[in-house]
Amino acid sequence: MKKTLITGAAGFLGSHLCDRFIAEGHHVIGMDNLITGDIKNIEHLFHLKRFEFFHHDVTKFVHVPGKMDYILHFASPASPIDYLKIPIETLKVGSLGTLNLLGLARDHGARILVASTSEVYGDPLVHPQNEEYYGNVSPIGPRGVYDEAKRFMESITMAYHRHHGLDTRIVRIFNTYGSRMRLNDGRVVPAFMGQALRGEDLTVFGDGSQSRSFTYIDDQIEGIYRLLMSDYVEPINIGNPDETTILEFAEEIIKLTGTDQKIVFKPLPQDDPMQRQPDISRAKEVLDWEPKVHRSEGLKKVFEYFKSLSDEKLWEAHREFLP
């Protein structure tokens, strides 16, 4: 039986990865410090003998006894509200956390996949973004803590691959949505749907002309799994090239939810990227992967999930963090 460690296991992507690897017959070790994750995302796995959970911060020394086949490093704040409130922790998990897990992978002879992001491209001057583009990132801007943590993650991962011969994979994840997202995490899909469900006006930053491309969770997990099982070591974009503006997206959400809220406009946050669309030519060629779920279908599923949440979750305030 393959043994797989998944960090950030109680988060949105991490919990779905736990489900996938359990379904594939692996023994899964989930690890999370629960600073942004939610234990409820994985509690349905606790009765399984093939699942273990460790409440641990990967920026501290990481030890997992016994055999280890795969490591997937998904521990990190992933929404602007989170990483702007805990910038040091964001930088540490991308740097020290990655260093610790690369060392663990080396000790165990395990293959490691690290979760990078489309944010390594910053506010791009190339559109759509392909893996050869180096990006347009401000290292000292407020969003730089996330962008540069992920860029460092990629750099040290490739250094371990080249210098130590470590078996590594790098996925660049574009905007992904699905069940288990927090309604209050500040990302646009839960933000718009939460506002619609609460009867609030939808907030668009800037004039809404900035674009995004949204990938349904099932497609994202499939792409990540295929990359891990491939022999490809260079970064690969996993995302949906179906691009839309934020204003068009807000109108789409109003139509989907059957609400009659207005759209209100607020100033654009500093360094917010104006365009985000993946070039997935490499994923198609190397992994035979492309998204299958159309946005209209995926959004219906996510809206049904959000509608099923308790009033407590619907009205939950943004999470506060201890300094």
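Start with the central sheet: select strands E3, E2, E1, E4, E5, E6 and E11, and you will see seven strands, paired in parallel and in that order, forming an open sheet. Strands here are DSSP runs of E with at least two residues, helices are DSSP runs of H or I with at least four residues, and both are numbered from the N terminus; two strands pair if DSSP finds at least two bridges between them. This is a predicted model, in which local features need pLDDT of at least 70 and side-chain atom pairs count only at pLDDT 80 or more, while totals for chains, interfaces and linings use all residues. Residues are numbered from 1 along each chain as its sequence is written, and side-chain values use heavy atoms, with hydrogens and water left out.

Now colour the two edges, strand E3 (51-55) and strand E11 (236-238), each of which pairs on one side only. Between neighbouring strands of this sheet the average turn is 20°, direction ignored; such angles run from 0 to 180 degrees between N-to-C directions, with axes being lines fitted to C-alpha atoms, for helices over the stretch in contact.

Next, walk through the strand pairs. Select strand E1 (residues 3-7) with strand E2 (residues 27-32), a parallel pair held over five bridges, in which Ile 6 stands opposite Gly 30 of E2. On moving to E4, you will find four bridges joining it to E1 in parallel, with Tyr 70 of E4 as the bridge partner of Thr 4. Tyr 70 also has a bridge partner in E5, namely Arg 111, and E4 and E5 run parallel with four bridges between them. Continue to E6, which is joined to E5 by six bridges, again in parallel; here Ile 170 of E6 is the bridge partner of Val 114.

Show the side chains of E4 and E5 before leaving the sheet. From E4, Tyr 70 and Leu 72 point one way and Ile 71 and His 73 the other, and all are buried, where buried means under 20% relative accessible area, exposed means over 50% and partly exposed lies in between, computed with a 1.4 Å probe on protein chains only. From E5, Arg 111, Leu 113, Ala 115 and Thr 117 point one way, whereas Ile 112, Val 114 and Ser 116 point the other way, and all are buried. Seven of the seven residues of E5 are buried, so this strand is largely enclosed by the rest of the structure.

Add the helices on the sheet. H1 lies across E1, E2, E3, strand E4 (70-73) and strand E6 (168-173), and runs at about 170° to E1. Helix H3 (residues 87-108) also packs on the sheet, touching E1, E4 and strand E5 (111-117), and its direction makes about 180° with that of E4.

Then select helix H1 (residues 12-23) together with helix H6 (residues 217-228), whose axes come within 10 Å and cross at roughly 65°. Among the residues in contact (heavy atoms within 4.5 Å) are Phe 12, Leu 17 and Phe 21 in H1 and Ile 221, Tyr 225 and Leu 228 in H6.

Finally, zoom out to the whole protein chain, which has ten helices and 13 strands. Its C-alpha atoms fill a box of roughly 55 × 45 × 40 Å along the principal axes, and buried residues make up 54% of the 323 residues.
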